[in-house]
Amino acid sequence: MGIAGDIVIVVIAALLGGLIAQILRQPLIIGYIFAGVVVGPYTGGVTVSDVYNIEKMAEIGVALLLFALGLEFSLRDLKPVRNIAIIGTPIQIALTTAFGYGVGRWMGWEWVPSVWFGALISLSSTMVILKTLENLGMLGTLSSRVMIGMLIIQDLAVVPMLIILPQLSEPGAGLQVLAVSALKAAVFLALVIVVGTRIMPRVMKTIADWNSRELFLVATTAIGLGIGYGTYLFGLSFAFGAFVAGMLLSESDYGYQALSDIIPLRDVFSLLFFTSIGMLLDPQVLLDHPGMVLSLVFIVMAGKGLIFAFLSRAFRYRNIIPLAMGLGLSQVGEFSFVLGRVGVATQSISPEFYSLVLTMTVVTMVLTPLLSGLTAPIYGLCGRWLQSVCTEPVHFPKRDLKDHLVIAGGGRVGRYVAGILKRMDTPFIIVEWNSRRVDELKALGFPVLFGDAEKEIILEAAELGKAKLLLITTPVALIAQVIVTHAKKLNPAIQIIARAEGIEEMRGLHSQGVSLVVQPEFEASLEVARQALLHLDVPMDVIQQYTDEVREELYRPLYKDWQKEKTDG
């Protein structure tokens, strides 16, 4: 069956790998990668006939992932991280390349392969990071925006690398080609922006007016992949062009619908990407050189992690961000495969050297979800061991607090709750780190403490040990887990109410001892249903009984699990 048969084998293998990963409570991408190893050309048994074609199809997965990311982002989202992205990323690439060069020379390699090694490890994996952030519930956080901003610039940096590295012996020729490529890229991007802001919205409006979901999906896919292919023809990254297309489309009225339509297609092609990564791994290389591969993995991930953490601190990012970046961006990325192939084709590096780096790269990708999952626990230890370093200034109302409520987060939810508590004359204190919000809360007459609720010393200042209840208003599960860890340490008997975006996040918070987890979208849907039934003249007692039953259906299994764990413990 050729390519069709290969796709069937890959999808079935990925399904089995994903099921095993789910049973073992591991990220699905790990299951996909190991499935690729099993059906790859190096392990025997059921094997795909043409790995190269699968790799090419997997590039569509990368493009669709970046296209979807662009649909979720806007230029406004990137403004807070533009300095570290535009200035910090070139610094990071230079530092990592120098670090890799030093490692190569220490390993006894010649200077040219050492430079190539440094360049190869300087890139991180956009695909792995985005999937990992999504699984951890971190998309939308400041740390995720910093990482994504730097990854975008890294993807752009691949273009000059592809030109300069093969020309190490002739730097003048390389710079001339680079200048021509930069000019072509600038012209094309200007054209894309004009088309995206002037023509694309009109085309999408016309298609949307026809009320054809199928045609709308085809148009969305064509825009993302078409602009991506155009950037490829002009010498830029295919994936970067798709990202630009997504950002332009996100500014229109059709961005949300385009995102909802593209997600299933993106996930299927993403599966092909991660499985193709596994196919590239030759287990024999790992078996023949286990010490060298694992040593390189440790050295590279530790070195890159420290570089990213240092840069984030240098650009004045604090709290959990340096740790999240150090653990999240320490792997080697998929564009290193493309760069490495060019090195082999130009005989700059040997096939054996490429296989070694390739094996190391896949291992770092596999480790990334596991390391990123350690961000919250390690940050919790930081709060305990480095309180003197992690403290923030506190502006605390001069009053004795006892049997009060602590509200972690002074955003919209925290503000609404505070307004109700103030009317009820119930003692409370809001913990908020955003200075603008602190000023707004003070203007409303709310007692507020300026500080990060993720820090144990800040919760101590809020007199959490004497509090009756802690309300966590952030929707980010990772941050909520850190706050819960510190809160339970300061006051094991404290009752905690938190919010979560999904069932898995609810289960995770319950397992930590959270008394009640609220799912805002679910509660909003109940209120919409209640109002609709009132307008239909349904008796109030019937509506109340209905909403109670629906709410119990969602929350009762979770509370049963929590009570069982509490009893067993």
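**Sheet, covering helices and an aromatic cluster in a predicted model**

Biologist: In what order do the six strands of the open sheet stand?

Modeller: The six strands of this open sheet show parallel pairing; strands are DSSP runs of E, at least two residues long, and helices are runs of H or I, at least four long, both numbered from the N terminus. Two strands pair if DSSP finds at least two bridges between them. The order is β3-β2-β1-β4-β5-β6.

Biologist: Which strands stand at the edges, and why is one side of each left without a neighbour in the sheet?

Modeller: Each edge strand has a single partner, so one side of it is left without a neighbour in the sheet. From one strand to the next the twist averages 20°. The edge strands are β3 (448–450) and β6 (516–518).

Biologist: On what basis are such features reported?

Modeller: This is a predicted model, in which local features need pLDDT of at least 70 and side-chain atom pairs count only at pLDDT 80 or more, while totals for chains, interfaces and linings use all residues. Residues are numbered from 1 along each chain as its sequence is written, and side-chain values use heavy atoms, with hydrogens and water left out.

Biologist: Which residue in β2 stands opposite Ile407?

Modeller: Strands β1 (residues 405–408) and β2 (residues 428–432) are joined in the parallel sense by four bridges. Within this pairing Leu405 faces Phe428 of β2. Opposite Ile407 stands Ile430.

Biologist: How many of the residues of β2 are buried?

Modeller: Buried means under 20% relative accessible area, exposed over 50% and partly exposed in between, with a 1.4 Å probe and protein chains only. Phe428, Ile430 and Glu432 point one way from β2, Ile429 and Val431 point the other way, and all are buried. β2 is thus mostly covered, the count of buried residues being five of five.

Biologist: At about what angle to β4 does helix α23 run?

Modeller: Angles run from 0 to 180 degrees between N-to-C directions of axes fitted to C-alpha atoms, for helices over the stretch in contact (heavy atoms within 4.5 Å). Helix α20 (residues 412–423) lies across β1, β2, β4 (469–472) and β5 (495–499), at about 160° to β1. Helix α23 (residues 477–490) lies across β1, β4 and β5, and its angle to β4 is about 165°.

Biologist: Which residues do ring pairs link into a cluster with Trp109?

Modeller: Rings of Phe, Tyr and Trp (its six-membered ring) pair if their centres lie within 6.5 Å; planes under 30 degrees apart count as stacked, over 60 as edge-to-face and the rest as tilted. Trp109 and Phe117 are edge-to-face, at 5.2 Å centre to centre with 70° between the planes, and both are buried. Trp109 is also edge-to-face with Phe353, at 5.0 Å and 85°. The residues linked with Trp109 are Phe117 and Phe353.

Biologist: How far apart in sequence are the parts that the pair of Trp109 and Phe353 ties together?

Modeller: Trp109 has a relative accessible area of 15% and is buried, as is Phe353, at 9%. Trp109 lies in the loop between α5 (82–106) and α6 (111–121), whereas Phe353 belongs to helix α17 (residues 351–372), so the separation of the parts tied together is 244 residues.

Biologist: Which residues does Thr132 touch, not counting residues up to four places away in sequence?

Modeller: Thr132 is part of helix α7 (residues 126–136) and is buried, with a relative accessible area of 4%. A polar atom of its side chain lies 2.7 Å from the backbone oxygen of Val128. Beyond four places in sequence, Thr132 touches Ile29, Thr368, Pro369 and Ser372.

Note on methods: Polar contact = N/O pair within 3.5 Å; in protein donor to acceptor, adjacent residues only side chain to side chain.
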